[in-house]
Amino acid sequence: LTASAIAKELGILLKEDEAITGSELEAMSEDQLIKRVKNISVYARVSPSDKIRIVRAWQHLGEVVAMTGDGVNDAPALKAADIGCAMGITGTDVAKSAADIVLTDDNFATIVEAVREGRGIYDNIKKVVAFLIGTNIGEVLTVLFAILVWRETPLLSIHLLWINMVTDSMPAVALGMEKIESDIMSRKPKSKGQGIFSGGLGFQVLAQGFLFAILALVGFVIGWKLTGDIVAGRTMAFFILAMSKIIHSFNMRSTKSLFTIGIFSNKSLCKAIALSLMLIVVVVFVPPITLAFQLTSLSLEMYLIAFLFSFISIPIFEISKKSGIIRSWS
């Protein structure tokens with residue numbers, strides 16, 4: 001009665017929920033507990049073994065189970081749960097050792113904030129990994145296809161090294177600083193076996209790799225055939241691939257429209273992109289450095305074509321997000 005009264009006051013025990021004692025729980029079989037566990041909100045006077053049974057019942061239903069506790073008798077259930085959370089102030093050393101998380105302030109609201117922060121970090125890791133792998137797949141496909149078809153490479157090793165150092169690294173680091181999305185706590189918990197490329201992210205990575213390869217190869221052919229100089233083709237391929245990667249980092253900020261989240265809301269990314277663009281301009285437009293990179297000057301028309309190609313990913317990804325082809329990766 002005491003436990004039920006407190007739970008009702010806290011909003012834990014609702015009209016349709018049950019409250020039972022440890023003796024009632026002990027009388028239940030495992031199958032009975034699994035069937036009823038969703039309707040039971042309050043347990044009173046339970047033993048350490050009862051707590052483990054409750055955890056196991058929820059896990060049997062496929063749920064990710066968190067357990068909070070502070071005493072020695074909570075340690076077995078803390079260990080059995082997917083996430084054990086011990087109290088840092090009032091908790092015993094045994095409970096802290098068995099737990100995955102220790103609340104240094106003993107405040108349950110901190111758990112919510114920790115989950116929010118953890119989801120945000122994981123989200124950003126996925127964005128960075130997808131950006132880096134997808135763009136690098138584009139490089140590999142560009143070189144591979146060109147060698148198979150024309151027996152020529154559109155990108156030399158120095159070009160690939162520069163692209164990876166400048167157009168990959170700085171935007172990738174800035175993507176890791178993306179703000180936590182407002183709806184992140186409304187998402188369902190992830191399955192323990194769910195991989196980082198689940199939810200369509202793996203398909204998106206491959207698709208963007210093919211997209212960048214196509215853009216670079218088309219630019220390579222245009223530059224080569226219009227001028228008759230393969231160096232001009234390589235310059236086009238280099239410029240398009242480097243620029244399109246930088247622009248594409250905007251697409252990877254969210255599965256929501258870029259115009260919804262705000263184009264310039266990630267200040268770190270804006271700074272990284274500005275610096276990357278400056279370094280690309282130096283390589284492409286400063287003659288001694290252009291020569292050192294085995295590139296050449298292009299006509300204004302060709303630079304314009306390359307520039308337009310670099311922005312193609314923006315409308316493609318915006319349409320994909322709007323149509324639902326690209327949706328939440330959670």
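# A briefing on helices, cores and a small parallel sheet

Setting aside residues up to four places away in sequence, Asp123 touches Glu181, Ile184 and Arg187. Asp123 is found in helix H7 and is buried, with a relative accessible area of 7%. Please keep in mind that this is a predicted model. The points below start from this pair of H7 positions, then turn to the cores, helix H15, the sheet and a few backbone details.

**Two buried polar residues in H7**

- Asp123 counts as buried because its relative accessible area is 7%, and buried means under 20%.
- Asn124 lies in helix H7 as well, and at 7% relative accessibility Asn124 also counts as buried.
- The contacts of Asn124, not counting residues up to four places away in sequence, are Leu175, Gly176, Met177 and Glu178.
- One of these partners, Glu178, offers its backbone oxygen to the side chain of Asn124, at 2.9 Å.

**The nonpolar cores**

- The largest nonpolar core has 50 residues, and Leu155 and Phe238 have the most contacts inside it.
- Two or more residues of this core come from each of helix H7 (109-150), helix H8 (157-175), helix H9 (201-227), helix H10 (230-251), helix H12 (267-285), helix H14 (300-310) and helix H15 (313-323).
- Among these elements, H10 gives the most to the core, with 13 residues.
- Leu155 touches Thr142, Val143, Leu160, Ile163, Ala237, Phe238 and Leu241, when residues up to four places away in sequence are not counted.
- Another core, of 12 residues, lies apart from the largest one, and Val55, Val65, Ala95 and Ala99 are among its members.

**Helix H15, side by side**

- Which residues of H15 are buried? They are Ser313, Ile314, Phe317, Glu318, Ser320 and Lys321.
- These buried residues cover an arc of only 165° around the axis, so they sit on the same side of H15.
- In general, an α-helix has 3.6 residues a turn, so residues three or four places apart point the same way.
- On the other side of H15, Ile319 and Lys322 are exposed.
- The cover over the buried residues of H15 includes H9, H10, helix H11 (258-261) and H14.
- After H15 comes Gly324, with a positive phi near 90°.

**The three-stranded sheet**

- An open sheet of 3 strands runs in the order S3-S4-S5, with parallel pairing.
- Its edge strands are strand S3 (66-69) and strand S5 (101-103), and each pairs on one side only.
- On average, neighbouring strands of this sheet are turned by 25° against each other, direction ignored.
- S3 and strand S4 (residues 83-87) run parallel and are joined by 4 bridges.
- Within this pairing, Ala66 stands opposite Ile83 in S4, and Thr68 has Cys85 in S4 as its bridge partner.
- How do the side chains along S3 alternate, and which of them are buried? Met67 and Gly69 point to one face and are buried, while Ala66 and Thr68 point to the other and are not.

**Positive phi away from glycine**

- Arg45 is not a glycine, yet its phi is positive, at about 55°.
- Arg45 belongs to the loop between strand S2 (40-44) and helix H4 (48-60), and at 80% relative accessibility Arg45 counts as exposed.
- Gln294 is not a glycine either, and its phi is positive at about 60°.
- Gln294 sits in the loop between helix H13 (287-292) and H14, where at 47% relative accessibility Gln294 counts as partly exposed.

**Thr227 in H9**

- Thr227 has its place in helix H9 and is partly exposed, with a relative accessible area of 41%.
- The side chain of Thr227 reaches the backbone oxygen of Gly223 at 2.6 Å.
- Leaving aside neighbours within four places in sequence, Thr227 is in contact with Ala232 and Met302.
- Thr227 and Ser299 are 72 residues apart in sequence, and in space they are 9.7 Å apart, C-alpha to C-alpha.

Note on methods: Residues are numbered from 1 along each chain as its sequence is written. This is a predicted model: local features need pLDDT of at least 70, side-chain atom pairs count only at pLDDT 80 or more; totals for chains, interfaces and linings use all residues. Side-chain values use heavy atoms; hydrogens and water are left out. A nonpolar core is a set of buried Ala, Val, Leu, Ile, Met, Phe, Trp, Tyr and Cys residues joined through side-chain atoms within 4.5 Å. Buried means under 20% relative accessible area, exposed over 50%, partly exposed in between (1.4 Å probe, protein chains only). Contact means heavy atoms within 4.5 Å. A polar contact is a pair of N or O atoms within 3.5 Å; within protein, one must be able to donate a hydrogen and the other to accept it, and residues adjacent in sequence count only if both atoms are side-chain atoms. The arc is that of the directions from the helix axis to the C-beta atoms. Two strands pair if DSSP finds at least two bridges between them. Axes are lines fitted to C-alpha atoms, for helices over the stretch in contact, and angles run from 0 to 180 degrees between N-to-C directions.
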